[in-house]
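Trainee: I should like to take a close look at a single part of this model, namely its sheet and what packs around it. Please set it in the context of the whole chain before going into detail.

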Amino acid sequence: MRIPTTIPYQVHDKSAHENTETMGLGLFHDLGLSHISGDISISYHTPPIDNATSTLKNPLHKALKAALDGLDTPVLTNLNLTSDILTTSFPEGYSIYPPLLLLPHNAFSSPPWTSLLALHPPQSPTLQPLWAHLATSMKTTHIAINSPIPLTQSTSSNTLRSPINLTPIHGSFGPPPTPQTLTSPTQHDFATALWVSTVQNGLHQTWAPLYTMFSRGNMREKTRLMHLPSATTPRRAAAAAVDMYAGIGYFAFPYRAAGLKPVVCFELNAWSVEGMRRGARRNGWRVEVHGPGDALGVGRAVAHAAVDFHVFHMSNVEAPACLARGPRIRHVNLGLLPCSRASWRDAVRLLDAEEGGWIHAHENVGVGEMRDRTVEIEGLFRAYVHELVGAGRMVGVEHVEKVKMYAPGVVHCVFDVKVGGKGANKGHQRDEENRSESVAS
């Protein structure tokens, strides 16, 4: 048995340093293990005196150290700072979304950095050579500081789900966000904005970081959707999906990759619509974007087999009208947090009346509320199905996916609600109701 420890032991005698047996005797005595010292062998590691060398294994730290060394000497010495001090106090985490280097929200929160930036703000001419050197070393052209999404942010206060407090440091990010550029951007705005990208599960996603958010924490759910048996199993007829809160295609792209076609998307943010269009084309998919004037009578066009994505730049309250004569919809995605309940009735109306399908409802749930919430959701969807489609259909939560922790004690979950097709056994429905009542009790 080998037991790694972090027990510190100071070597006083250089000869002992060469003799692990001698060093071990002293260590075992200090630990009260002398009586079994004959059965124990010891190996050790001497850490470097200057721990700065170990931090430079991080590519960002290496680049930052070199960039700081290139600053004029008085910039740091006047504040009793060194490049080593600043480098070791800089967090290790970062993200690269070509061509953007995105630094964490606490990048400059340590005392050495607050001292430096109090005299020389990030956008000051003094530090521009630092950022230019850092960007080049990291093979990027732009740098920004990220900020987490405020936990108190409500959907009503940010219906476009625009970024909050993204701070550009280096490079041009395009026209500054204004009410005009946010809600009614021009083609010139799109052309001059910074667009970044990433690849997840082989799928390209593109967005303008100054105008739209990106969450890499949804990777688990994206991966799951690409392998849903209900989406990947061969079908007798074509099957479509609807994403009621599509964003830049977070979940819409995995549905298409799983084999569903077309995927119909609804999104209010014009920047997200443009990002979805660009990302879909990078993946080799054909996209058609529909404006508010296309709300009625477009159902037959949506069913056109040659188009992979129909993107509606409008509220999803128009979805039933847009898809009144559309394709067979087997999956409806409701990816809005903290909950998507405003769209539940419409989601039921969209599912194929003959074969039924699945509704994937996202919600934030307290850790101890999972069972009660599941029963509640089943009951609400069963009532909607009974009201809008008719009795005799099986309705139940088939699976609950815990995507990630949203906040302490709060889990981002996806409830897969299955709605049976026409002629589902009424007795089976009664069994489901009895099961729910049993769980509730």
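Trainee: How many helices and strands are there in the protein? In what order do the 8 strands of the open sheet follow one another, and which strands does helix α14 touch?

Mentor: The model is predicted: local features need pLDDT of at least 70, side-chain atom pairs count only at pLDDT 80 or more, and totals for chains, interfaces and linings use all residues. Residues are numbered from 1 along each chain as its sequence is written, and side-chain values use heavy atoms, with hydrogens and water left out.

The protein has 19 helices and 14 strands; these are DSSP runs numbered from the N terminus, helices being H or I of at least four residues and strands E of at least two. Of its 441 residues, 48% are buried. Here, buried means under 20% relative accessible area, exposed means over 50%, and partly exposed lies in between (1.4 Å probe, protein chains only). Among contacts between residues at least 6 apart in sequence, 67% join residues at least 24 apart, a contact being heavy atoms within 4.5 Å.

The open sheet is built from 8 strands in the order β9-β10-β8-β7-β11-β12-β14-β13, with mixed pairing. Two strands are taken to pair if DSSP finds at least two bridges between them. Strands of a sheet pair through backbone hydrogen bonds, either parallel or antiparallel. The edges are β9 (287-290) and β13 (395-407); each has a single partner strand, so one side of each lacks a neighbour in the sheet. On average, neighbouring strands are turned by 15° against each other, direction ignored.

Within the sheet, β11 (residues 329-334) and β12 (residues 357-366) run parallel and are joined by 4 bridges. One residue to locate here is leucine 334, whose bridge partner in β12 is alanine 361. Two helices that pack on the sheet deserve attention. Helix α11 (residues 219-226) touches β11, β12, β13 and β14 (410-419), and its direction makes about 150° with that of β13. Helix α14 packs against β8 (263-266), β9 and β10 (309-312), with its direction at about 165° to that of β9. Axes are lines fitted to C-alpha atoms, for helices over the stretch in contact, and angles run from 0 to 180 degrees between N-to-C directions. Strand β12 is mostly covered, as 10 of its 10 residues are buried. Cysteine 265 counts as buried, at 0% relative accessibility, whereas cysteine 339 is partly exposed at 33%. The structure holds 0 disulfides, a disulfide being a pair of cysteine sulfur atoms within 2.5 Å.

Beyond β11, the chain contains a cis peptide bond from leucine 337 to proline 338, with omega near 10°. Proline 338 belongs to the loop between β11 and α17 (344-350).

Helix α14 can be followed further through its own residues. Glycine 275 is placed in α14 and is buried, at 0% relative accessibility. Its C-alpha is 5.4 Å from that of isoleucine 248, although the two residues are 27 apart in sequence. Residues up to four places away in sequence aside, glycine 275 touches Trp195 and Thr206. Tryptophan 195 also has arginine 278 over its ring face, at 4.2 Å from the ring centre; a charge sits over a ring if NZ of Lys or CZ of Arg is within 6 Å of the ring centre and within 35 degrees of the ring normal.

Aromatic pairing involves the same helix. The structure holds 19 aromatic pairs. Phenylalanine 190 and tryptophan 271 have ring centres 4.9 Å apart and planes at 90°, so they form an edge-to-face pair. This pair links distant parts of the chain, with phenylalanine 190 in helix α10 (residues 187-192) and tryptophan 271 in helix α14 (residues 270-282), 81 residues apart. Both of these residues are buried. Rings of Phe, Tyr and Trp (its six-membered ring) pair if their centres lie within 6.5 Å; planes under 30 degrees apart count as stacked, over 60 as edge-to-face and the rest as tilted. Elsewhere, ring pairs link Tyr97, Trp207, Phe214, Tyr250 and Phe251 into a cluster.
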